[in-house]
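I opened a new notebook page for this structure. My plan is to go through it piece by piece and jot down what I look up.

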Amino acid sequence: MPSSVRTTTLPCGEAIPVLGQGTWKMGEDSRRRADEVRALKLGLDLGVTLIDTAEMYADGGAEVLVAEAIAWRRDETFLVSKVLPSNASRAGVRRACENSLKRLRTDRIDLYLLHWPGSVPLTETVEAFEALKQAGKIRHWGVSNFDTDEMQELVLLSDGDKVQTNQVLYNLVRRGPEFDLSPWMRKRGIPLMAYSPVEQGALAHNARLAEVAARHGASAAQIALAWVMRQDDVIAIPKAGSQEHVRQNVAALDIRLTHQDIADLDRASPQPTRKRGLEMI
């Protein structure tokens with residue numbers, strides 16, 4: 001296991017881990033609950049202190065599960081949650097945040113994201129986020145599933161330049177953000193948070209990844225994670241429902257891909273040569 005988890009820096013200057021723990025689809029099955037809680041706790045033990053969740057996940061059940069995992073360990077956890085676009089009005093954001101805080105059993109969320117763009121004007125959502133910051137309910141805010149044009153619109157708004165991250169679908173077979181979104185964000189010092197970095201487990205069975213993995217004595221899934229985290233300003237948030245899965249994810253931090261590895265993976269899944277619409281799952 002690595003001696004410490006590498007970090008990247010938010011625009012506000014705060015360092016956060018480049019490997020986090022996702023919770024999408026957690027809290028949905030009571031038979032898996034104990035294993036999921038143990039997995040999150042082990043992640044904290046191993047230094048993976050960023051936990052990502054959302055009010056949408058399991059209709060709030062994932063937040064309740066996270067609360068159990070971080071009990072008595074809140075101060076060492078960097079907690080990320082999300083508000084649905086249907087709740088993105090001034091009153092809706094305040095109400096949704098209060099409900100998330102109750103489920104999470106905490107007094108603040110470290111990073112609160114708009115889950116995807118919706119019909120509520122962005123300026124209203126930003127004002128609501130800033131009001132929550134002033135009230136101490138959240139420490140920072142960001143967005144999720146925003147494409148380049150939406151990010152450009154956001155940062156031109158009053159206080160819109162206080163956005164701290166954009167969480168998007170990004171992995172070896174979903175490289176669309178590399179064409180213009182990630183360069184635009186990198187230029188402005190805004191880290192990209194990659195969800196589904198192993199394509200919901202599908203990349204664990206990728207033949208080209210398996211070839212590269214054999215050189216490192218690793219698994220294809222670990223290579224997929226290492227590929228995402230090879231960039232200093234990209235944060236991967238894979239879900240791990242078991243302690244062994246957590247250990248495997250953390251071990252991926254020690255993998256250093258060679259130029260040959262990268263070239264082989266580029267041939268298998270080339271960089272985009274044109275603009276693509278931002279993908280979501």
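**Entry 1: strand 9**

I started with strand 9, residues 192–195: L192 and A194 point one way, M193 and Y195 point the other way, and all are buried. As a reminder to myself, side chains in a regular strand alternate between the two faces of the sheet. I should also note that I'm working from a predicted model.

Next I looked up the strands that pair with strand 9. Strand 8, residues 166–169, runs parallel to strand 9 and is joined to it by 4 bridges. I picked out one pair there: V168 has A194 as its bridge partner in strand 9. Strand 10, residues 234–236, also pairs with strand 9 in the parallel sense, over 3 bridges. There I found L192 standing opposite V234 of strand 10.

I then asked myself which helix joins strand 8 and strand 9 in a β-α-β unit. I found helix 6, residues 181–187, and the unit is right-handed.

**Entry 2: the whole sheet**

I zoomed out to see where these strands belong. They are part of an open sheet of 8 strands with parallel pairing, in the order 3-4-5-6-7-8-9-10. Why is one side of strand 3 and of strand 10 left without a neighbour in the sheet? Both stand at the edges and each has a single partner strand, so that side stays free of a neighbour. My general note here is that strands of a sheet pair through backbone hydrogen bonds, either parallel or antiparallel.

I also checked a pairing further along in the order. Strand 5 and strand 6 (residues 109–114) are parallel and share 4 bridges. V83 has L114 as its bridge partner in strand 6.

**Entry 3: helix 2 and L65**

I moved on to helix 2 and wondered how many of its 10 residues are buried. I got 8, so the helix is largely enclosed by the rest of the structure. The buried ones are G61, A62, E63, L65, V66, A67, A69 and I70. I looked up what they pack against and listed helix 1 (33–45), strand 4 (50–52), strand 5 (78–83) and helix 3 (90–104). Right after helix 2 comes W72, with a positive phi near 70 degrees.

I took a closer look at L65, which sits in helix 2, residues 61–70. Is L65 buried or exposed? Its relative accessibility is 0%, so I put it down as buried. Beyond its neighbours within four places in sequence, L65 is in contact with M26, G27, R33, E36, V37 and L40. I also checked L65 against V234: they are 169 residues apart along the chain, and their C-alpha atoms are separated by 26 Å.

**Entry 4: D264**

I wanted a charged residue to look at, and picked D264 in helix 10, residues 259–268. D264 comes out at 8% relative accessibility, and with the cut-off for buried at under 20%, I wrote it down as buried. Setting aside neighbours within four places in sequence, I found D264 in contact with R208 and R215.

**Entry 5: pocket and cavities**

Last, I went looking for empty space. Rolling a probe the size of a water molecule over the atoms shows where such space is left.

The largest pocket holds about 530 Å³. It is lined by 30 residues, and W24, S196, Q200, P238 and K239 are the closest to its centre. I sorted the lining of this pocket into 13 nonpolar, 12 polar and 5 charged residues.

How many cavities of 30 Å³ or more does the structure hold? I noted 2. The largest cavity has about 70 Å³ of space. Of its 13 lining residues, G20, Q21, P238, A240 and N249 are the closest to the centre. Strand 3 (21–22) and helix 9 (243–251) are the elements that give two or more residues to this lining. Helix 9 gives the most, with 3 residues. By class, I wrote down 8 nonpolar, 4 polar and 1 charged for the largest cavity.

The second largest cavity has a volume of about 30 Å³. I listed its lining as D147, G176, P177, D180, K275, R276, G277 and L278. These split into 2 nonpolar, 2 polar and 4 charged residues.

Key
Residues numbered from 1 in each chain as written. Predicted model: local features only at pLDDT ≥ 70, side-chain atom pairs only at ≥ 80, totals over all residues. Heavy atoms only, no water. 1 Å grid on protein atoms, 1.4 Å probe; cavity = no way out; pocket = protein on both sides within 12 Å on 5 of 7 lines; lining within 4 Å. Points joined across faces, edges and corners; volume = space filled by probe spheres on them. Nonpolar A, V, L, I, M, F, W, Y, C, P; charged D, E, K, R; others polar. Buried < 20%, exposed > 50% of the residue type's maximum accessible area, 1.4 Å probe, protein only. Contact = heavy atoms within 4.5 Å. Pairing = 2+ DSSP bridges. Right-handed = clockwise from strand over helix to strand, strands pointing away.
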